[in-house]
Amino acid sequence: MRFLQILSYLHVAPTTFSDIKKMCSYSDGKIVGQLNVLIKEGYIIQKKEIVDNKPRSRYTITEFGDQQLLNYIEFIKSLTEID
């Protein structure tokens, strides 16, 4: 479920680690683990920046990740449709 939550946030706009942490109630370690899996599988990309002399990571959903999220949403909708 964490994957979907993170992808849903990123579907709206690129987001920083700090913003992701504010939006969900997971530990830093769990968030980092989920982000690393999503990066490895090609769902998101990470861009490292320096802002006010501090490192910051910004995460963006890829076209592949966005399509997979939309496919999942359509799949869930199809399960709830009544014939």
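**Figure 1. A close-up of the turn after strand β2, with D52 in the loop between β2 and β3.** The model shown here and in every view below is predicted. D52 has a positive phi, near 55°, although this residue is not glycine. N53 belongs to the loop between β2 and β3 as well, and its phi, near 60°, is likewise positive in a residue other than glycine. For context, most residues other than glycine have a negative phi. Are these two loop residues buried or exposed? D52 counts as exposed because its relative accessible area is 70%, and N53 counts as exposed because its value is 77%. Just before the loop comes V51, in strand β2, which covers residues 44-51. V51 has a relative accessibility of 28%, so this residue is classed as partly exposed.

**Figure 2. The whole fold, as a map for the close-ups: four helices and three strands.** If you trace the chain along its sequence, the elements come in the pattern α-β-α-α-β-β-α. Along the principal axes, the C-alpha atoms fill a box of roughly 60 × 25 × 20 Å. How much of the protein counts as buried? Of its 83 residues, 24% do. Two C-alpha distances help you find your way around the box. V51 and L69 are 18 residues apart in sequence, and 30 Å separates them in space. L79 and E49 are 30 residues apart in sequence, with 41 Å between their C-alpha atoms.

**Figure 3. Inside the largest nonpolar core, which has 14 residues.** Which residues have the most contacts inside this core? They are I20, L35, I44 and Y59. Four elements each supply at least two residues of the core: α1 (2-12), α2 (17-23), α3 (28-40) and β3 (54-61). Helix α1 gives the largest share, with four residues.

**Figure 4. R2 and the ring of Y26, a charge placed over an aromatic ring.** Here the view moves to a charged group and a ring. The charged end of R2 sits over the ring of Y26, at 5.3 Å from the ring centre. As for rings meeting rings, the structure holds one aromatic pair.

**Figure 5. The salt bridge between D28 and K21, one of four found in the whole structure.** The closest N and O atoms of D28 and K21 are 2.8 Å apart. How open to the surroundings are the two partners? D28 has a relative accessibility of 36%, so this residue counts as partly exposed. K21 falls in the partly exposed class too, because its relative accessibility is 38%.

**Figure 6. Salt bridges along helix α4 and around E49, starting with E74 and K77.** The side chains of E74 and K77 meet at 3.6 Å, N to O. Why can these two be described as about one helical turn apart? They are three residues apart in helix α4 (residues 63-80), which means a separation of about one turn. E74 is partly exposed, since its relative accessible area is 48%, and K77 is partly exposed as well, with 44%. Elsewhere, salt bridges that share partners join E49, R56 and R58 into one network. Within this network, the side chains of E49 and R56 meet in a salt bridge at 3.5 Å, N to O. R56 has a relative accessible area of 33%, so this arginine is partly exposed.

**Figure 7. A nonpolar patch on the surface, built from L70, Y72, I73, F75, I76 and L79.** How much accessible area do these residues have together? The patch has about 520 Å². Two of its members make good landmarks. I73 is found in helix α4 and counts as partly exposed because its relative accessible area is 35%. L79 also has its place in helix α4, and this leucine counts as exposed because its relative accessible area is 57%. The cut-off matters for that pair of labels: exposed means over 50% relative accessible area, so L79 passes it while I73 does not.

Conventions. Residues are numbered from 1 along each chain as its sequence is written. This is a predicted model: local features need pLDDT of at least 70, side-chain atom pairs count only at pLDDT 80 or more; totals for chains, interfaces and linings use all residues. Side-chain values use heavy atoms; hydrogens and water are left out. Rings of Phe, Tyr and Trp (its six-membered ring) pair if their centres lie within 6.5 Å; planes under 30 degrees apart count as stacked, over 60 as edge-to-face and the rest as tilted. A charge sits over a ring if NZ of Lys or CZ of Arg is within 6 Å of the ring centre and within 35 degrees of the ring normal. Buried means under 20% relative accessible area, exposed over 50%, partly exposed in between (1.4 Å probe, protein chains only). Patches are made of residues with over 30% relative accessible area and no salt bridge: like charges are joined within 9 Å, nonpolar side chains (Val, Leu, Ile, Met, Phe, Trp, Tyr) within 5 Å. Accessible areas come from the Shrake-Rupley method with a 1.4 Å probe; for residues, only the protein chains shown count as cover. A nonpolar core is a set of buried Ala, Val, Leu, Ile, Met, Phe, Trp, Tyr and Cys residues joined through side-chain atoms within 4.5 Å.
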